[in-house]
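Colleague: Could you take me through one part of this model in some detail? I'd like a close look at a single pocket and at the residues around it.

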Amino acid sequence: MCGRARTLPLPGGFAFGAFHAGDVPYLFEDEAAEPRFTPAQRRLSATMTGYWAAFARTGAPRGAGLPGWRPHRVDRPYTQSLAPQRIGPVDYRREHRLGFWDGLS
């Protein structure tokens, strides 16, 4: 996920941020996590399951009511942001100033 996502805190108030398999509670029912979801996290969960269902049905993560998902192309290098407060295409390369880092080599 791109962007700064609000995450559920671990005991002691430690926010664990983005991590491997952190999307699982959004895609599959998780009775421990779901009651603590914010409204934005609930919308993200519905959007993510919608993308998965559309992809399984048609081979493309697009469908009625879903935010647009642009295909990645060399001339249009968009990445899909799946953060609770920001779902949609982003220019990851520009946002993270990768051109700057490429110029240092």
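Modeller: Happy to. Let's start with the second largest pocket, which holds about 160 Å³ of space. Please keep in mind that this is a predicted model, and every value here is computed from it.

Ten residues line the pocket, and those nearest its centre are M48, Y51, W52, W69 and L82. Sorted by class, the lining has nine nonpolar residues, no polar ones and one charged residue. Helix α2 is the main contributor to this lining, giving four residues.

To place that helix, here is the chain as a whole. The protein chain has four helices and two strands, and along the sequence they follow the pattern α-α-β-β-α-α. Of its 105 residues, 27% are buried. The accessible surface comes to about 7600 Å², and carbon and sulfur atoms account for 58% of that area. Taking the contacts between residues at least 6 apart in sequence, 36% join residues at least 24 apart.

Now to the nonpolar side of the picture. The largest nonpolar core has 10 residues, namely Y26, L27, A33, F37, L44, M48, Y51, A54, L66 and L82. Two helices, α1 (24–27) and α2 (39–58), each supply at least two residues of this core. The largest share comes from α2, with four residues. M48, Y51 and L82 belong to this core, and these three residues are also listed among those nearest the centre of the pocket.

Y51 deserves a closer look. This tyrosine sits in helix α2, and because its relative accessibility is 3%, Y51 counts as buried. Leaving out neighbours up to four places away in sequence, Y51 touches P61, L66, P67, G68, W69, Q80, L82 and I87. W69 and L82, among these partners, are also named near the centre of the pocket. The C-alpha atoms of Y51 and G63 are 7.6 Å apart, with their positions 12 residues apart along the chain.

A second α2 residue makes a useful companion to Y51. T47 is found in helix α2, and its relative accessibility is 12%, so T47 counts as buried. Outside its sequence neighbourhood of four places, T47 is in contact with L66, P67 and I87. Those three residues, L66, P67 and I87, are on the contact list of Y51 too.

From I87 we can step along to G88, which is in strand β2 (residues 86–90). G88 counts as buried because its relative accessibility is 7%. Beyond four places in sequence, G88 touches G68, T79, Q80 and S81. G68 and Q80 are contacts of Y51 as well. G88 also lies 8.6 Å from R70, C-alpha to C-alpha, with the two being 18 residues apart in sequence.

Just past that strand comes D91, in the loop between β2 and α3 (92–95). Setting aside residues up to four places away, D91 touches P77 and Y78. S81, a contact of G88, is 9.5 Å from D91 between C-alpha atoms, and these two residues are 10 apart in sequence.

One last residue is worth checking for its backbone. A21 lies in the segment before α1, and its phi is near 70°, a positive value in a residue other than glycine. Most residues other than glycine have a negative phi. A21 is described as partly exposed because its relative accessible area is 37%, whereas Y51 is buried at 3%.

To pull the threads together, the pocket has a lining with nine nonpolar residues, and α2 gives the most to that lining. The same helix supplies the largest share of the core. Y51 lies in α2 and has contacts that include L66, W69 and L82.

Terms used
Residues are numbered from 1 along each chain as its sequence is written. This is a predicted model: local features need pLDDT of at least 70, side-chain atom pairs count only at pLDDT 80 or more; totals for chains, interfaces and linings use all residues. Side-chain values use heavy atoms; hydrogens and water are left out. Buried means under 20% relative accessible area, exposed over 50%, partly exposed in between (1.4 Å probe, protein chains only). Contact means heavy atoms within 4.5 Å. Accessible areas come from the Shrake-Rupley method with a 1.4 Å probe; for residues, only the protein chains shown count as cover. A nonpolar core is a set of buried Ala, Val, Leu, Ile, Met, Phe, Trp, Tyr and Cys residues joined through side-chain atoms within 4.5 Å. On a 1 Å grid over the protein atoms alone, a cavity is a set of points where a 1.4 Å probe fits but cannot get out, and a pocket is an open set with protein on both sides within 12 Å along at least five of seven lines; lining residues have an atom within 4 Å of a point. Grid points are joined across faces, edges and corners, and a volume is the space filled by probe spheres set on the points. Ala, Val, Leu, Ile, Met, Phe, Trp, Tyr, Cys and Pro count as nonpolar, Asp, Glu, Lys and Arg as charged, and the others, Gly among them, as polar.
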